[in-house]
Amino acid sequence: MRSVRFCVNGVYGWPAVLRGWTKRGSRKCLCAAGAHDDAVNQVGEDADHDDDGVRVSNEALRATIRKSREVLAMHRDLLDQISEKKKLISVIEASSIHNGQEPFSGSPFSRSDAVSEGEEIGYDLQMYLDRRSQKSEIRSTHGESISVQHEYYGSLEDKLSYTDVNGSYSKVSYVHYLYKTFSSAATNVYEPQSVNGMEQDYEKGHSVTEEINDNSSSSAAVDVMNIILVAAECAPWSKTGGLGDVAGALPKALSKRGHRVMAIVPMYGNYEEPRQIGEPKRYQVAGQDMEVKYHHAYIDGVDFVFIHNPIFHNVESEIYGGDRTDILKRMILLCKAAVEAPWCVPCGGFCYGDGNLVFIANDWHTALLPVYLKAYYRDNGFMIYARSVLVIHNIAHQGRGPLDDFSYLDLPSNYLDLFKHHDPFGGDHLNIFAAGIKAADRLLTVSHGYAWELKTPEGGWGLHGIINESDWKFQGIVNGIDTTDWNPRCDVHLKSDGYSNYSLVTVETGKAQCKAALQKELGLPVRGDVPVIAFIGRLDNQKGVDLIAEAMPWIAGQDVQVILLGTGRQDLEDTLRRLESQHYDRVRGWVGFSVRLAHRMTAGTDILLMPSRFEPCGLNQLYAMMYGTVPVVHAVGGLRDTVQHYNPYEEAGLGWTFENAEANRMIDALGHCLNTYRNYKSSWEGLRRRGMMQDLSWDTAAKRYEEVLVAAKYQW
Ligand SMILES: Nc1ncnc2c1ncn2[C@@H]1O[C@H](COP(=O)(O)OP(=O)(O)O[C@H]2O[C@H](CO)[C@@H](O)[C@H](O)[C@H]2O)[C@@H](O)[C@H]1O
């Protein structure tokens with residue numbers, strides 16, 4: 001007998017799904033809106049007495065049918081309302097054309113006063129829908145239905161803004177209706193015929209979920225996505241390095257392109273903006289029952305969603321700290337809570353659902369997400385059109401552990417093979433990154449150079465074999481930077497203490513002022529003529545700060561100042577302190593994490609040193625160029641991609657690169673750089689200007705991400 005499944009816009013109640021697995025392997029979920037957990041639990045329990053694993057008790061079936069009927073009645077009601085309102089809108093359209101107004105006059109991004117309704121609920125869904133409509137206009141190849149939507153709400157907003165709407169409907173009620181109608185469109189609107197079809201199918205015991213997904217595939221003609229990015233850190237709330245910057249900026253860039261975007265991160269502290277949303281949910285982590293509260297803030301077009309549970313408290317300063325299993329448990333909870341977010345976080349009143357849905361997971365911390373999406377949902381016939389993309393920011397951290405750790409993950413035993421990895425260093429071990437790479441629909445990394453390196457034994461850190469096998473779905477996209485946050489023209493950290501904002505036009509004076517302010521702040525001699533060299537980064541083997549220490553006798557022999565900012569390995573922190581005390585007249589070693597100082601150093605120094613042994617992309621060299629600071633880098637990974645070596649004959653290039661991560665090579669490159677600074681002023685100005693004139697924003701990268709997300713959507 002075929003099992004009955006029903007789930008509309010609600011939670012699949014996976015504790016029950018999990019119970020189904022642990023006791024009898026793969027099992028389909030049975031739930032209805034408003035009664036998911038009850039229905040699921042009931043079925044799960046009944047099913048426990050079911051020998052062949054497919055029989056569902058009559059009682060549970062009846063309960064589900066009852067609930068399903070209620071839901072279908074609601075749908076019918078909604079569709080009636082929609083068709084009524086459509087007629088009304090057509091009348092308004094006709095009358096406005098009659099009045100000689102352009103149907104689409106006015107920017108779709110402009111906010112009418114009617115949007116205050118959205119503000120009231122703290123969510124500008126209308127803005128999203130407007131973008132969606134604009135996008136559909138740009139991509140005119142995508143079918144009729146969207147252009148029809150465009151006509152409806154695009155023109156209606158104009159009418160609401162520029163003409164009087166008399167009669168029984170107020171402006172606000174129209175727009176409120178549109179929020180409802182078209183947010184449904186954004187998250188699986190049900191066409192009347194489909195609903196009827198659903199009803200019939202349902203009566204026959206067919207899966208309504210499948211029908212809904214069929215609808216999403218028809219709206220799949222539109223490349224506007226529901227995107228959920230999940231990461232362990234996100235600036236400005238939490239940041240230990242570049243991943244935080246990317247998680248804070250990429251979602252905004254994707255939202256600007258017209259997508260509905262959510263970013264999910266743990267809630268490490270008491271953040272000001274987010275408010276609790278939806279109902280708390282419970283998840284099993286390593287046999288422990290944990291409650292998650294979702295908190296939400298809608299900022300710059302992005303639904304930032306924070307996972308609140310005591311497990312994340314008090315680790316803000318040490319996000320990846322604690323013992324191995326502590327970190328693992330945090331990441332399990334994050335991934336479980338994230339994969340269910342499209343069903344239980346009603347941003348602006350509406351869940352994302354699974355139509356046109358793509359998750360973007362980042363690094364090993366969230367590499368479990370593609371696995372959970374597959375094991376909890378897709379293997380069971382749910383969310384079959386949802387996709388996952390995994391981004392490798394740093395392969396050096398893989399979530400390795402003994403095979404016994406598998407029991408924490410809460411997965412069917414046949415999934416063990418996905419995690420089992422053998423290499424000469426780890427032997428047979430559990431590797432979370434490896435499993436995520438295999439399970440993800442697409443694999444990305446943060447530069448072309450690193451994409452190439454990852455496929456080599458030296459660069460792949462034991463995972464090169466798996467990455468080579470995944471080559472068909474793998475590519476590199478160079479990171480962008482947040483040009484609001486990192487912009488010398490408006491950088492908030494340059495507005496006080498003698499610093500100054502500056503632009504391409506005022507770079508000479510602006511940088512000089514920042515340099516003097518920085519020297520003063522750090523107690524260095526205030527001298528405009530001395531080149532100031534910076535290093536900013538995590539203190540570990542990757543960043544090569546030890547090469548700077550090795551080269552310090554030569555560097556300190558030059559007439560230069562050096563400022564080193566970093567935190568990490570104890571011995572390297574001690575090195576920074578030692579260098580400062582040995583060369584106190586010209587070196588500062590600032591141990592700690594200071595976003596403000598990082599910004600001020602980027603503005604107030606002349607040269608940025610990045611002798612990284614490997615660098616997947618690197619953001620500091622991009623920030624440096626944006627601020628007219630010239631990079632000197634080891635030509636590796638993303639550094640090779642982004643810093644073109646200076647060519648004095650053609651006055652081309654952006655900085656200096658050196659081929660091997662060795663102190664002497666670095667000294668050579670730095671020597672040429674200092675010579676140009678001192679003796680070839682106009683060349684130096686050219687280097688600065690070329691750096692500053694680049695478009696380093698996320699716009700280009702976001703477009704490329706979009707292509708990958710769309711490719712994932714159409715991939716089977
Ligand atoms: N002590 C300190 N105080 C204040 N700020 C500090 C700091 N130490 C580092 N930072 C900041 O952290 C960020 C570091 O970004 P990176 O991209 O250089 O490195 P990271 O190795 O962390 O990221 C990984 O992911 C990113 C994103 O994909 C890749 O670019 C990179 O190559 C990869 O190693 C910058 O914003 C920097 O200013």
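Contact here means heavy atoms within 4.5 Å. With that cut-off in hand, we can start at one residue and work outwards through this predicted model.

**A cysteine and its neighbours**

Leaving aside residues up to four places away in sequence, C514 touches L494, Y499, S500, Y502, A603 and G604. C514 is found in helix α18. Is C514 buried or exposed? With a relative accessible area of 0%, C514 is buried, since buried means under 20% relative accessible area. For a sense of scale, the C-alpha atoms of C514 and L334 are separated by 41 Å, and these two residues are 180 residues apart along the chain.

**The whole chain**

Stepping back, the protein has 26 helices and 18 strands. Of its 716 residues, 60% count as buried. Taking contacts between residues at least 6 apart in sequence, 73% join residues at least 24 apart.

**Two helix pairs**

Two packed helices are described by the angle between their axes and the distance between the axes. On that basis, here is the pair that involves the helix of C514. Helices α18 and α21 (residues 595-604) pack with their axes 8 Å apart, at an angle of about 130°. The two are therefore oblique to each other, because an angle that is neither under 35 degrees, nor over 145, nor 65 to 115 counts as oblique. The crossing of α18 and α21 is left-handed. From α18, the contact is made by K511, C514, K515, L518, E521 and L522, while α21 brings in R596, L597, R600, M601, T602, A603 and G604. By type, the residues of this contact between α18 and α21 divide into six nonpolar, two polar and five charged. C514 is on the α18 side of that contact, with A603 and G604 on the α21 side, and A603 and G604 are also among the residues that C514 touches.

The other pair is α10 (residues 242-256) with α26 (residues 698-713), whose axes come within 9 Å and cross at roughly 75°. Helices α10 and α26 are therefore roughly perpendicular to each other. Which residues make the contact of α10 with α26? On α10 they are V246, A249, L250, A253, L254 and K256, and on α26 they are W698, D699, A702, Y705 and E706. The contact of α10 with α26 divides into eight nonpolar residues, no polar ones and three charged ones.

**Salt bridges**

Side chains of opposite charge can pair when their charged atoms come close. How many salt bridges does the structure hold? The count is 27. Three of the pairs are set out below.

| Pair | Closest N to O distance |
|---|---|
| K256 and D699 | 3.3 Å |
| K374 and D379 | 3.5 Å |
| R527 and D559 | 2.7 Å |

The salt bridge of K256 with D699 brings us back to the second helix pair. K256 lies in helix α10 and D699 in helix α26, so the pair ties together parts that are 443 residues apart in sequence. K256 is exposed, at a relative accessible area of 57%, whereas D699 is partly exposed, at 37%.

In the salt bridge of K374 and D379, K374 counts as partly exposed at 32% relative accessibility, and D379 counts as partly exposed at 36%.

The salt bridge between R527 and D559 links distant parts of the chain, 32 residues apart: R527 is in the loop between α18 (507-522) and β13 (532-539), and D559 is in the loop between α19 (545-556) and β14 (561-568). R527 has a relative accessible area of 29% and is partly exposed. D559 is partly exposed too, with a relative accessible area of 35%. Elsewhere, salt bridges that share partners join E508, K515, D606 and R688 into one network. K515 of that network also takes part in the contact of α18 with α21.

**Backbone details**

A few backbone features deserve a look. The peptide bond from A235 to P236 is cis, with omega near 10°, and P236 lies in the loop between β1 (226-230) and α10. A286 is not a glycine, yet it has a positive phi of about 50°. A286 is placed in the loop between β3 (275-285) and β4 (288-299), where it counts as partly exposed at 29% relative accessibility. N314, also a residue other than glycine, has a positive phi near 65°. N314 is in the loop between β5 (302-308) and α11 (324-344), and at 76% relative accessibility N314 counts as exposed.

Key:
Residues numbered from 1 in each chain as written. Predicted model: local features only at pLDDT ≥ 70, side-chain atom pairs only at ≥ 80, totals over all residues. Heavy atoms only, no water. Axes fitted to C-alpha atoms, helices over the stretch in contact; angles between N-to-C directions. Helix = DSSP H or I, 4+ residues; strand = E, 2+ residues; numbered from the N terminus. Nonpolar A, V, L, I, M, F, W, Y, C, P; charged D, E, K, R; others polar. Salt bridge = Lys/Arg side-chain N within 4 Å of Asp/Glu carboxyl O. Buried < 20%, exposed > 50% of the residue type's maximum accessible area, 1.4 Å probe, protein only. Left-handed = near helix turned anticlockwise from the far one by under 90°.
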